[in-house]
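This report looks at strand pairing and at salt bridges, and it asks where in the chain the partners of each contact lie. Please read it alongside the sequence and the structure displayed here.

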Amino acid sequence: MLKNLMLSLATVSAAVLCPAALAQEFPNRPVRIIVPWPPSGNVDITARTVAPALAEALGQQVIVENRPGAGGTTGTAAVAKSPPDGYTLLLGSSGTVTNAPAVYKNIAYDPVKDLTAIGPIQSVPMVLTAAPKTPVTNFAEFVAYAKAKPGQVSIASAGNGSSNHLALELMMRQTGLKLIHIPYKGSGPAITDLLGSQVETMMDQMTASIGHIREGRIKALAVTSKLRSPSLPNVPTLAELGLAGYEASTFTGLFGPAGMPPAVVEKLHAALRKALGVEAVRARYHSMGVEIMDMTQAEFAAYVHTDFEKWRQVARDANIVVE
């Protein structure tokens with residue numbers, strides 16, 4: 001009986017100590033970050049910028065692996081189905097974590113139930129721009145121009161169901177404008193046509209458009225962030241132009257599968273915050289026109305949930321469904 005009691009106590013002690021022991025041991029081998037997009041895009045650059053500093057903070061190698069497909073959902077689903085041990089992570093973005101689940105008819109993961117939000121990295125506002133030959137120079141002129149030609153003024157996005165698409169739908173809903181949405185297969189082809197005035201306006205991430213704006217090749221009418229961007233301080237926000245509460249910035253962050261041990265999540269979150277404090281990392285992100293986000297793990301998880309519900313409602317209202 002005494003022997004059985006001692007065995008029981010040992011079992012209980014092991015269970016109690018398990019999370020702490022796991023946190024001390026983690027990581028004891030390389031950590032992979034899955035980027036669900038091809039190389040050289042914003043999400044890939046974000047991952048490769050922070051990976052060396054994250055490796056230093058964790059004391060273990062961090063490998064960035066591109067696994068593109070199906071609008072970023074293939075790699076995201078793969079992480080959601082991975083063992084929840086902290087060794088397979090996702091460089092997630094609003095496009096794959098909150099936008100795609102809001103618009104795709106069939107998707108293999110739920111962003112709240114199947115993923116663990118570990119911590120945010122950066123936020124990227126979008127910008128409403130006009131082509132060189134579009135006869136507007138500010139948002140008020142754009143509204144007047146579009147109202148004079150209902151259903152005739154074109155606006156480009158990076159694709160059906162993209163964050164850009166959802167942002168312009170929200171803008172149309174709040175202004176009552178009727179625009180012709182022209183979806184492209186990515187920002188690159190859309191910007192090319194905008195530069196040539198084949199399309200009249202565009203909603204896109206600032207990182208893709210800012211160089212053309214600074215060089216005067218396209219006209220910035222408004223930004224979608226809550227506050228003005230330091231990168232374009234003279235361009236007003238849609239909120240200050242009369243669209244009360246409008247905000248449509250995109251984000252990137254570190255995610256893992258659901259069910260990760262809290263101690264491992266805490267260690268990864270702390271390592272990420274340390275990595276984002278490295279001056280070289282901060283300088284690189286700021287040069288891209290993005291803002292580093294600072295939230296606790298719980299705050300980030302709540303932010304992701306709220307963002308998902310927001311865009312799911314926009315998609316329902318606009319009847320946006322991607323097969």
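## Strand pairing and salt bridges

Serine 123 stands opposite glutamate 291, a residue of strand β11. The model in which this pairing is found is a predicted one. Two strands are bridge partners of β4: β11 is joined to β4 by 2 bridges in an antiparallel arrangement, and β10 pairs with β4, likewise in the antiparallel sense, over 8 bridges. Within the pairing with β10, glycine 119 has leucine 254 as its bridge partner. Strand β4 itself, which spans residues 115–124, is mostly covered, with 10 of its 10 residues buried.

The salt bridges form the second topic. Side chains of opposite charge can pair when their charged atoms come close. A search of the whole structure finds 8 salt bridges, and three of the pairs, including their closest N and O distances, are set out below.

| Arginine | Acidic partner | Closest N and O atoms |
|---|---|---|
| Arginine 173 | Aspartate 317 | 2.4 Å |
| Arginine 228 | Glutamate 240 | 2.8 Å |
| Arginine 273 | Aspartate 294 | 3.5 Å |

Which parts of the chain does the salt bridge between arginine 173 and aspartate 317 link? Arginine 173 and aspartate 317 form a salt bridge, and this pair links distant parts of the chain, 144 residues apart, with arginine 173 in helix α6 (residues 163–175) and aspartate 317 in helix α11 (residues 297–318). Arginine 173 is partly exposed, at a relative accessible area of 45%, and aspartate 317 is also partly exposed, at 46%.

In the salt bridge between arginine 228 and glutamate 240, both residues lie in the loop between β9 (219–223) and β10 (250–257), so the pair ties together parts that are 12 residues apart in sequence. Arginine 228 counts as partly exposed, with 37% relative accessibility, and glutamate 240 is partly exposed as well, with a relative accessible area of 44%.

Arginine 273 forms its salt bridge with aspartate 294; because arginine 273 lies in helix α9 (residues 262–275) while aspartate 294 lies in the loop between β11 (291–292) and α11, the pair ties together parts that are 21 residues apart in sequence. Aspartate 294 counts as exposed, since its relative accessibility is 66% and the cut-off for exposed is over 50%. Elsewhere, salt bridges that share partners join Arg32, Glu65 and Arg67 into one network.

Key:
Residues are numbered from 1 along each chain as its sequence is written. This is a predicted model: local features need pLDDT of at least 70, side-chain atom pairs count only at pLDDT 80 or more; totals for chains, interfaces and linings use all residues. Side-chain values use heavy atoms; hydrogens and water are left out. A salt bridge is a side-chain nitrogen of Lys or Arg within 4 Å of a carboxyl oxygen of Asp or Glu. Helices (H or I, at least four residues) and strands (E, at least two) are DSSP runs, numbered from the N terminus. Buried means under 20% relative accessible area, exposed over 50%, partly exposed in between (1.4 Å probe, protein chains only). Two strands pair if DSSP finds at least two bridges between them.
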